[in-house]
Amino acid sequence: MSLFRCPLCVAPLERAAGTYRCSNRHSFDVAREGYVHLLPPNQKHSALPGDDRDMVMARREFLSKGYYSPLLNTICSQILAVSGHSPALLDAGCGEGYYTAGVFQALRAAGKHPRMAGTDISKFALRSGARRERAVEFAVASSYRLPLAEERMDVVLNCFSPLALEEFWRVLKPGGWFFYVVPGAEHLWEMKEILYDKPYPNEERETPYEGFSYRAIVPVEGAVSLERREDIQNLFRMTPYFWKTPKAGAERLAALDGLEVRISFRVHVFQKKGERGC
């Protein structure tokens, strides 16, 4: 039985011979890369929603070089600490699957038997994710209408993606864990100094959410040395700054042969309460 449920009738899905099927005879073909499309047309806001091919390629190339491995290692250690022998996990807004695959492989290496799903609205991202880790189920789906049953997951991970709190609460088991990863105040500060005349720090705040208990905020700090122009540009393309930087700032960054830049993240750790508002 799949972790996913049918997006049309919410019946459980089974995967067989390259197709997901439910008891009501709805079927969804698995792409050759290994992901399934579970985003109905009436939930799409454009023909090709989410990150495009170039953004996905930039992120894949940058992350594959280990620049953000301190964050991945922290996420893995935090999830390992709260996971049982056979946890069910969701990476919501998983992108090209770097963190998804990393967490799954860390759990397996620790002797656990995880079942894991990754969802994203970009089919280009999931092409990469499904190739990265074949044992994870990947689906094109919206975080605001997850194709998952109530109280299905032990862990939900959300890295730099839309915060669909109602859905995350719905799919988590009572006592399940939610890991919310956001940039720290001075993340990529040196890059921002080049891009903008008056850069400002990212906002940092501790926000309680209804239905969840706040357990921790885990900081991740470090610095990376980018010694190739392609690495600098790949980092730029995978950030929101790529879409809202003045031309002059982008040209200044493009002229650099190297860049030393701070990385800073916050892993907010929540645990689901038994009832909303409790």
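**Helix crossing, cores and two buried residues**

Trainee: How does helix 1 pass helix 7, in a left-handed or a right-handed crossing?

Mentor: Helix 1 passes helix 7 in a left-handed crossing. Please bear in mind that this is a predicted model.

Trainee: At roughly what angle do the axes of the two helices cross?

Mentor: The axes of helix 1 (residues 53-63) and helix 7 (residues 229-237) cross at roughly 125° and come within 8 Å. Helix 1 is therefore oblique to helix 7.

Trainee: Which residues meet there?

Mentor: Helix 1 contributes Met55, Ala58, Glu61 and Phe62, and these meet Asp231, Asn234, Leu235 and Arg237 of helix 7. By character, the residues of this contact are four nonpolar, one polar and three charged.

Trainee: Turning to the interior, which members of the largest nonpolar core touch the most other members?

Mentor: That core has 51 residues, and those touching the most other members are Tyr68, Ile75, Tyr99, Val103, Met191, Leu235 and Val267. Leu235 is also one of the helix 7 residues that meet helix 1.

Trainee: And which element supplies the largest share of this core?

Mentor: Strand 11 (residues 259-272) does, with six residues. In general, nonpolar side chains in soluble globular proteins tend to be buried together.

Trainee: What is valine 267 in contact with, beyond its neighbours in sequence?

Mentor: Outside the four places on either side in sequence, valine 267 is in contact with Leu71, Thr74 and Ile75, with Phe179, Tyr180 and Val181, and with Ala216, Ile217, Val218 and Val220. Another core lies apart from the largest one; it has 32 residues, including Leu13, Cys22, Val30 and Val156.

Trainee: Now serine 213: where is it, and what does it touch?

Mentor: Serine 213 is in strand 10 (residues 212-226). Setting aside residues up to four places away in sequence, serine 213 touches Val269, Phe270, Gln271 and Lys273.

Trainee: Why does serine 213 count as buried?

Mentor: Serine 213 counts as buried because its relative accessibility is 18%, and the cut-off for buried is under 20%.

Trainee: Last topic: is alanine 125 buried or exposed?

Mentor: Alanine 125, in helix 4 (residues 123-132), is buried, with 0% relative accessibility.

Trainee: How far apart are the C-alpha atoms of alanine 125 and glutamate 96?

Mentor: They are separated by 4.4 Å, although alanine 125 and glutamate 96 are 29 residues apart along the chain. Leaving out neighbours within four places in sequence, the contacts of alanine 125 are Val56, Arg59, Gly95, Glu96 and Asp120.

Notes: Residues numbered from 1 in each chain as written. Predicted model: local features only at pLDDT ≥ 70, side-chain atom pairs only at ≥ 80, totals over all residues. Heavy atoms only, no water. Core = buried A, V, L, I, M, F, W, Y, C linked by side-chain atoms within 4.5 Å. Buried < 20%, exposed > 50% of the residue type's maximum accessible area, 1.4 Å probe, protein only. Helix = DSSP H or I, 4+ residues; strand = E, 2+ residues; numbered from the N terminus. Contact = heavy atoms within 4.5 Å. Axes fitted to C-alpha atoms, helices over the stretch in contact; angles between N-to-C directions. Parallel < 35°, antiparallel > 145°, perpendicular 65-115°, else oblique. Left-handed = near helix turned anticlockwise from the far one by under 90°. Nonpolar A, V, L, I, M, F, W, Y, C, P; charged D, E, K, R; others polar.
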